Amino acid sequence: MNDLANTPSDEELTDWDREHNLHPWAGMDGWRNDEYMRVNTASGIYVWDDQGKKYIDGPGGMWCVQIGYGREEMAESIARQVVAMPYASPWSFTTGPAAELAKKIADMTPGDLNTVHFTTGGSTAVDTALRAVQFLNNRLGRPDKKIVIAREKGYHGSTYLASSVTGKERFKTKFDNADIVRFLPDVNPYHRPKGMSLEAWCDEKIDDLEKMIADVGADQVGAFIAEPILCSGGVIVPPPGYHKRTRDICTSHDILYISDEVVTGFGRLGHWFASEDVYGIVPDIITCAKGLTSGYLPLGACILSDALMERMAGAEGDDVFYNGYTYSGHPVSCVAALTNIEIMEREDILGHVRRVTPLFQSRLREIGEKFDIVGDVRGEGLLGCIECRPDLERQTYDAHLQFGQKLDDACEEMGLLLRPFGNMAVFSPPLIITEAEINEMFDIMEAGLTKLSAQYNA
């Protein structure tokens, strides 16, 4: 560790960050002028910046800090494993933590999802799932059954295959994506025609899937990938019954159902996984990451059903699944996950989420009733989104970005960090948040909206 004489100054750290640290989603024309908030310490649901100012972490890191910050038990478990065995090649060895965590996850997942392939995070978990689809159909002599059906506003990661099936219409890139995907139209009930019921909207969205399969050909479609809630797209909750009906359609056409639970897994909706406990489906594959370690270390997993594994093993020819990562089943990351799960079980964090969810969701919905500038509020569990309409006459992307930045600045000044998506503000706080802290968070949000309402309605 550096002594005080060699400790970089705040100015040096800012300069070095600008000069050398290319952050995700940086604009190439001005990133060296950006100044990111430097956070130095954290505890519970709060973080402190380098000036000592305290903030509620509204996004929960990146949808991931389930057990909150500053858990000494996590640090101690991680340190013990670092000393005992910091790394082992997954091609040549296994470790106790990897085997134990695989069994633990298999016990948590629904149905016959009992095989765990460890990855480095959510993107690589999704890549693994999509490669499993390709592997299966090549093994079965169906080389054309590779198209993946995904949804507009869905987000599945930043690696090549994962980004290819990401359907955010504003996620414009200069990259070439794999030609493996067809996108279904928006499933957001907020955008349904005026006067249309939720039931009719669900029927329309189911028709979209059936028509897509008919147009592409069921013999060409290998998989349907779906987040239970489209989180990065704005916490979009599909209409009731949607998940069960889409699952049934996929089963009838021998299309693998991939449930991307990178955000909804590990307690966000009050259950280890949302697929069955919340939405009543058992998919063929589940992907997870984020809350698996509460963000303390990187780790992801692709979980495969027994039925899928049997089909992958049962055909003729080369049966090696050539997929894996240097850090698959990393023992230190696996210990972090095991400790995270132990804490969640011991403190009944899943039960806590279910107990505080009514207050969280009621405060969210009260905001929709109080402010004309708010167009929609939505969410489930400890997930929420406030979608604003800052200019009813001029709904443009630039107007939305400007509004989002102003709302972010107003709330940040009062001690609340948001994750703005244009005209939307998303909430996914640490799962340990108390009712008092929920009220504190939404009180600040309401104050920020009051300030902006005065500006936009002047």
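Modeller: Contact means heavy atoms within 4.5 Å. The model is predicted: local features need pLDDT of at least 70, side-chain atom pairs count only at pLDDT 80 or more, and totals for chains, interfaces and linings use all residues. Numbering starts from 1 along each chain as its sequence is written, and side-chain values use heavy atoms, without hydrogens and water.

Biologist: Which residues does Asp186 touch?

Modeller: Leaving aside residues up to four places away in sequence, Asp186 touches Glu152, Lys153, His191, Trp201, Lys205 and Ile236.

Biologist: Why is Asp186 said to have no salt bridge?

Modeller: A salt bridge needs a side-chain nitrogen of Lys or Arg within 4 Å of a carboxyl oxygen of Asp or Glu. The nearest side chain of opposite charge, Lys153, is 4.5 Å from Asp186, so the limit is not met.

Biologist: What makes the pair Asp186 and His191 a polar contact?

Modeller: The term covers N or O atoms within 3.5 Å; within protein, one must be able to donate a hydrogen and the other to accept it, and residues adjacent in sequence count only if both atoms are side-chain atoms. The side chains of Asp186 and His191 are 2.6 Å apart, so the distance fits. The Asp186 side chain also reaches the backbone nitrogen of Asn188, at 2.9 Å.

Biologist: Why is Val235 called buried?

Modeller: Buried means under 20% relative accessible area, exposed over 50%, and partly exposed in between (1.4 Å probe, protein chains only). Val235 has 0%, so it is buried.

Biologist: How do you know that Lys290 is partly exposed?

Modeller: Its relative accessibility is 24%, so Lys290 falls in the middle class. Lys290, not a glycine, has a positive phi near 35 degrees; for Val235, also not a glycine, phi is about 50 degrees.

Definitions and conventions. Lys and Arg count as positive and Asp and Glu as negative; His and the chain ends are not counted.
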